[in-house]
Amino acid sequence: MTAPVRETLAGLDLRAEIDRLRKERNAVILAHYYQKPEIQDLADFVGDSLELSRKAADTDADVIAFCGVKFMAETAKILSPEKIVVLPDMDAGCSLEDSCPPEQFKRFREAHPDHIALTYINCSAAVKALSDVIVTSSSAETIISQIPADQKIIFGPDRHLGGYLNRKFGRDMLLWPGVCIVHEAFSETELLKLKAQHPGAPVAAHPECPAHIVDHADYIGSTSGILQFAKSFPGDTLIVATEPHIIHQMEKALPEKTFIGAPGADGNCNCNICPYMALNTMEKLYVALRDLQPRIEMDEELRLGAKKSLDRMLEMASGTVGKGDLGRA
C-alpha cells in the first residue's frame, strides 16, 4: 500500500524541490486565479484558463504543469500537443463539465439541427469537438455580437452565463442547464447585507453568477476583467462575487484597498471556494513534476476537432482573450 503523499514527502522543502524540478524538466508552471496563494506565488504565469494555455504554447518548455482543473489542462494539450501536460490531481474536475456529458450534448445538437453551438470553455475536449465556436467569459460578448440575430444558437453548459448574454443582447439562445457550483452558492440576501455594511462599495461579479447576484453588480466580467476593474475603480473597498482566491492577486497589486468576498448562503460558509481547484496542492505539484504523472493524453482526431472550435473563437475575438492576465518575470 502506497503511503499518503503528505507522509512520503514529510520534511521536504517543497518550494525548493519544485524549483529544482522546474529547471530539470524544463517545465512551465501555470496557476489559475482560483488556486491557493502559495501555488499562485510560485507559478510562472497566473491568469484565466485559455490565456494560460496560450502563454505556455509560446514558451520553449517541454512540460506544462497546469494547476487548475482538467478541462484547462486539456486545453493546454490541444494547443501544445508536443509538450507533456501534467495536472497535479486528475480528480480536479468542474461542475460545468460534469453537467454536459458528450453523448448527451451530441444528441441535443442532433435534435436541433438548425442551431449552431456556442460553448463555454468550461467543458471537455469531446464537447469542444462537438461545438462550432468556443467562448470564454472575456470573449462571449464579442462573439455573440457577430452572429446574425436570426441564427438560432445553443449555448452551454453554463445557463447563467447564457442567460446573462440573452438578457444583454436580446437573444433567445437555447440554454444547456449546467451551473458552476461556486457561483451558484452566492446569497442575494447576504450580499445585500454586505452592501448595506459598506455603502458605496461597488460589486464586481463573474457572469457565471445567477441573475439575482449579477443584477446587483456594478461590474460584470471574467476573472481577469474583475482584476482590472479592481485596479481602476475610484473607491477603496470592493465586493468580489467570484471564487475568493482571486483576492490574493488584488491584495498583492493594491495593498491600500480592501477587498471583500461576497458571502455564501449563511454569510460565513466557505461554499464559494472551488472544491476542485482546492485538490491541487504543493505536494501533488511536486509529485507531478517528479513523475510526470498524472498526464493528459488525447487522441489526435479529438484534439484537432476541439482545436477547430477554439481557433474559430480566436479568429472572432482574439483581442478579448486573457485581458489582465499576470505574467511572472
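**Helix α12, an enclosed cavity and two buried residues**

In the predicted model, the N-terminal end of helix α12 is capped by Ser-187, a side-chain oxygen of which is placed 3.4 Å from the backbone nitrogen of Thr-189. The helix itself comprises residues 188-197, and within this element Glu-190, Leu-191 and Leu-194 are buried. When α12 is viewed down its axis, these buried residues fall within an arc of 100°, so they line one face of the helix. The packing partners of the buried residues of α12 are the strands β9 (203-205), β11 and β12 (258-261), together with the helix α13 (211-214).

Strand β11, one of the elements against which the buried residues of α12 pack, spans residues 237-241 and precedes the loop that holds His-245, which leads on to α15 (247-253). His-245 has a relative accessible area of 17% and, because burial is assigned under 20%, is classed as buried. Apart from neighbours within four places in sequence, the residues in contact with His-245 are Tyr-33, Tyr-34, Gln-35, Lys-36, Pro-37, Gln-40 and Ile-273.

Tyr-34, one of the residues in contact with His-245, also belongs to the lining of the largest cavity, where Tyr-34, His-32, Met-72, Asn-122 and Glu-208 are the residues that lie nearest the centre. The lining of this cavity is made up of 33 residues, and the elements that contribute two or more residues to this lining are α4 (49-57), α5 (70-79), α6 (95-98) and α11 (181-184). A search of the whole structure returns one cavity of 30 Å³ or more, and the space within the largest cavity amounts to about 350 Å³. In terms of residue class, the lining of the largest cavity consists of 16 nonpolar, 13 polar and four charged residues.

A further buried position is Ser-309, which is found in helix α17, formed by residues 300-317. The relative accessibility of Ser-309 is 0%, and this residue therefore counts as buried. When residues up to four places away in sequence are not counted, Ser-309 touches Lys-128, Ser-131, Asp-132, Val-133 and Ile-134. With respect to Gln-40, one of the residues in contact with His-245, Ser-309 is 269 residues apart along the chain, and the C-alpha atoms of Ser-309 and Gln-40 are separated by 29 Å.

Technical notes. Residues numbered from 1 in each chain as written. Predicted model: local features only at pLDDT ≥ 70, side-chain atom pairs only at ≥ 80, totals over all residues. Heavy atoms only, no water. Helix = DSSP H or I, 4+ residues; strand = E, 2+ residues; numbered from the N terminus. Buried < 20%, exposed > 50% of the residue type's maximum accessible area, 1.4 Å probe, protein only. Contact = heavy atoms within 4.5 Å. Arc of directions from axis to C-beta. Polar contact = N/O pair within 3.5 Å; in protein donor to acceptor, adjacent residues only side chain to side chain. 1 Å grid on protein atoms, 1.4 Å probe; cavity = no way out; pocket = protein on both sides within 12 Å on 5 of 7 lines; lining within 4 Å. Points joined across faces, edges and corners; volume = space filled by probe spheres on them. Nonpolar A, V, L, I, M, F, W, Y, C, P; charged D, E, K, R; others polar.
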